[in-house]
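Work through these exercises with the structure open beside you. Try each task before you read its solution.

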Amino acid sequence: MFDKVLIANRGEIALRIARACRELGIRSVAVYSTEDRDSAVVSYADEAVHIGPAAARRSYLRIPSIVEAALRTGAQAVHPGYGFLSEEADFAQVCQDNDLTFIGPAPEVIAQLGDKTAARDLMARAGLPLLPGSLEPLRSAEEAHTLADSIGYPVIIKAAAGGGGRGMRVVERSADFVAAYRETRAGAKTLFGDPRVFVERYLASARHVEIQVLADSFGNVIHLGERDCSVQRRHQKLIEESPAPGLPPGLIEKMGTAAVDGARAAGYLGAGTFEFLLAPNGEFTFMEVNCRIQVEHPVTEMVTGVDLVREQLLIAAGEPLSLTQADVTVRGAAIECRVNVEDPERAFAPAPGLLEEFVPPGGPFVRVDTHGFTGYRVPASYDSLLAKLLVWAPTREQARQRMDRALEEFRISGPGVHTTIDFLREVLQDRQFAAGEHDTGAVERIFSTKARADHAPKPEE
Amino acid sequence: MTSLSSYVSEPGASRLDHGNGHENLSGSPQPAGAVAGASAPELLEQLREDALRFLARTRYPPRALRIQVGDVSLELEWQPAGTDSSGAPPAEGWPGSGTGSEPERPDSPPPGHSLRAPSVGVFYRSPAPGEAAFVDVGDAVRAGQQVGIVEVMKLMIPVNADRDGTVAEVLKGDGDSVEYDEPLITLALAPG
């Protein structure tokens, strides 16, 4: 087992990783930017290194600084968390070149799965079902247009180097295709430095169901069930749950097997997530692989009792998985709500600031993963996720009510600070969500219904 | 030579001329208590030790102190009188300043202008191993002048002075690990 691990991340996930390290007797090293000097992980970790100013590209994304900090502190391994460098094949390679264990798959696996076109091609050959779309890089707008016409509209154009809901555009009609293709390419070049895109049929009302896998260096690959992440706003997840409600029996076993097959085909190592789209007719198709621990990983932890970050550390240290597929049991229901410092009344504009009050909920089967605390100043330089609130209960309906209870207890306030807590409660109370019949269009629908209600003429007082 | 103890005093209270803040400690060729037949360097060494004891009891750090034995002298100087009799507090860390006997905490940079690490990495004081340091204490530097290197993964990042000044202190040694923004060198800034 490692003596010392450097955590190449910040915020709640850095603290999560530091806790897993502490439980395994591993010394943790936090890295921080100037703006994060008062962050929770900086005082929690065994050591901390100031690596740069606020800007992520000069701190959390600056590979030489991170690797230097690891070498100077004598860390044997680096945990990249999610986002930042977690899916940068270059970073994994530099770690390897410097005898640092990168906690995740090999650089070439990250590179292949990070190229969404190459990943689609690999998974198609591994036998996973895919939506009709391109399997090779598109060479021209005309070629793409012809393909789109043959797939049938609507189609979605996605950046090959993208992922996580970024750099995508839906095209409803053939006449709009070429302009959208060019715009998506330009956006991809700006966002990811790579203009290549691919085209896929678009399912307007579908469910986003993902499978958690674990793979060790002994050839053991297992899945730990699914997470339904359909509650999204602009492709960013807000609420996740497990099990996915209302699925036909046997479907998860099929999807789990597909994910395991895909992980083997890719030579995967560590914790990974296979994302699928579930069509209304019950068919599932492969979307992408996320080669990292995910934000919503605690949902799986709550229903399986497996500590996924701990498993990552064990796998990276060359140990076998703690459990076999037969040991995996999914029990009860878990829901996660992402509490962001955003103002839903102003189109979810970021609303960070000093947390004069930060009182998380508690009680039975409530878990809060957060770096927040009373007196913490939420920086404006990074993403708006402040806390992940999770509940478990024996049934989905009980979990839904427990989550509402917990959200209602969660007190976060400060000058100029807004959170999405009230909006999350509205989604939880939505009739479709409560019935488990919602899909990826749910948030837009709830929001536009609410907007119409807010703007409706008020009755005379 | 008259015992140095008779000269221990606040600046301004000395019997000697201090109009320009200059105290001249000189005396007979043989200081009291000196071993008969001692050589000039030995006498100077004795005087140096006396001077150190003397200085430890003064309130303000001197700009100059000149000790002469025959042809051998040792000289230090005070700031001009206007400065140290103006009531300005004694410099932190000066032994006689009465601010306490604890040494300066390593995490509080000394007064003066700090030149800080542009990156996490390893600090080098010279362009290459074995070569002379870019700067040493007492050197004058101009804005833009290189005073060190921080190495990050084989990438050598120059550390440059951003102001004119004099190197007052070098806080990190050659080969030390440094964090981003950590003070490396303290400059006493040029007046004005």
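A crossing of two helices is called left-handed if the near helix is turned anticlockwise from the far one by less than a right angle, and right-handed if clockwise. Keep in mind throughout that this is a predicted model.

**Exercise 1. Two neighbouring helices**

Task: Describe how helix 12 of chain A packs against helix 13 of chain A.

Solution.
Step 1. Locate the helices. Helix 12 of chain A covers residues 396-409, and helix 13 of chain A covers residues 421-429.
Step 2. Take the geometry. The two helices pack at an angle of about 160°, and their axes are 10 Å apart.
Step 3. Classify the angle. Angles over 145 degrees count as roughly antiparallel. Helix 12 of chain A is therefore roughly antiparallel to helix 13 of chain A.
Step 4. Assign the hand. The crossing of helix 12 and helix 13 of chain A is left-handed.
Step 5. List the contact residues. Helix 12 of chain A brings A:Arg400, A:Met403, A:Asp404 and A:Leu407. Helix 13 of chain A brings A:Ile421, A:Leu424, A:Arg425 and A:Leu428.
Step 6. Sort them by class. This contact of helix 12 with helix 13 of chain A has five nonpolar, no polar and three charged residues.

**Exercise 2. A second helix pair**

Task: Find the hand of the crossing of helix 1 and helix 11 of chain A, and the residues that make the contact.

Solution.
Step 1. Locate the helices. Helix 1 of chain A spans residues 11-23, and helix 11 of chain A spans residues 308-316.
Step 2. Take the geometry. Their axes come within 9 Å and cross at roughly 65°.
Step 3. Assign the hand. The crossing of helix 1 and helix 11 of chain A is right-handed.
Step 4. List the contact. From helix 1 of chain A come A:Arg16, A:Ile17, A:Ala20 and A:Glu23. From helix 11 of chain A come A:Val309, A:Arg310 and A:Leu313.
Step 5. Sort by class. The contact of helix 1 with helix 11 of chain A holds four nonpolar, no polar and three charged residues.

**Exercise 3. A sheet in chain A**

Task: Trace the open sheet of eight strands in chain A and name its edge strands.

Solution.
Step 1. Write the order. The strands of chain A follow 13-12-9-10-11-14-19-18, with antiparallel pairing.
Step 2. Look at the ends. Strand 13 (284-290) and strand 18 (366-370) of chain A are the edge strands, and each pairs on one side only.
Step 3. Add the twist. It averages 25° from one strand to the next.
Step 4. Zoom in on one pair. Strand 11 (residues 236-242) and strand 14 (residues 333-340) of chain A run antiparallel and are joined by four bridges. Here A:Glu240 stands opposite A:Glu336 in strand 14 of chain A.
Step 5. Add the helix. Helix 10 (residues 297-304) of chain A lies across several strands, among them strand 9 (207-215) and strand 19 (385-393) of chain A. Helix 10 runs at about 125° to strand 10 of chain A.

**Exercise 4. A sheet in chain B and its neighbour from chain A**

Task: Explain why strand 8 and strand 10 of chain B each have one side without a neighbour in the sheet.

Solution.
Step 1. Write the order. This open sheet of four strands runs 8-7-5-10 in chain B, with antiparallel pairing.
Step 2. Give the reason. Strand 8 (155-160) and strand 10 (176-178) of chain B stand at the edges with a single partner strand each, so one side of each is left without a neighbour in the sheet.
Step 3. Add the turn. Neighbouring strands of this sheet are turned by 35° against each other on average, direction ignored.
Step 4. Check a pair. Three bridges join strand 5 (residues 121-124) to strand 10 of chain B. B:Val122 has B:Ser177 as its bridge partner in strand 10 of chain B.
Step 5. Cross to the other chain. Helix 3 (residues 63-73) of chain A packs on this sheet and touches strand 5, strand 7 (146-152), strand 8 and strand 10 of chain B.
Step 6. Count the contacts between the chains. 10 residues of chain B are in contact with 11 residues of chain A. The chain B side has five nonpolar, three polar and two charged residues.

**Exercise 5. Backbone exceptions**

Task: Place the cis peptide bonds at A:Pro154 and A:Pro243.

Solution.
Step 1. Recall the background. Most peptide bonds are trans.
Step 2. Take A:Pro154. The bond from A:Tyr153 to A:Pro154 is cis, with omega near 0°. A:Pro154 sits in the loop between helix 7 (141-151) and strand 6 (155-163) of chain A.
Step 3. Take A:Pro243. A cis bond joins A:Ser242 and A:Pro243, with omega about -5°. A:Pro243 lies in the loop between strand 11 and helix 9 (251-266) of chain A.

Note on methods:
Residues are numbered from 1 along each chain as its sequence is written. Chains are lettered from A and ligands numbered from 1 in the order in which they are written. This is a predicted model: local features need pLDDT of at least 70, side-chain atom pairs count only at pLDDT 80 or more; totals for chains, interfaces and linings use all residues. Two residues are in contact if their C-beta atoms, placed from the backbone, lie within 7 Å. Ala, Val, Leu, Ile, Met, Phe, Trp, Tyr, Cys and Pro count as nonpolar, Asp, Glu, Lys and Arg as charged, and the others, Gly among them, as polar. Axes are lines fitted to C-alpha atoms, for helices over the stretch in contact, and angles run from 0 to 180 degrees between N-to-C directions. Angles under 35 degrees count as roughly parallel, over 145 as roughly antiparallel, 65 to 115 as roughly perpendicular and the rest as oblique. Two strands pair if DSSP finds at least two bridges between them.
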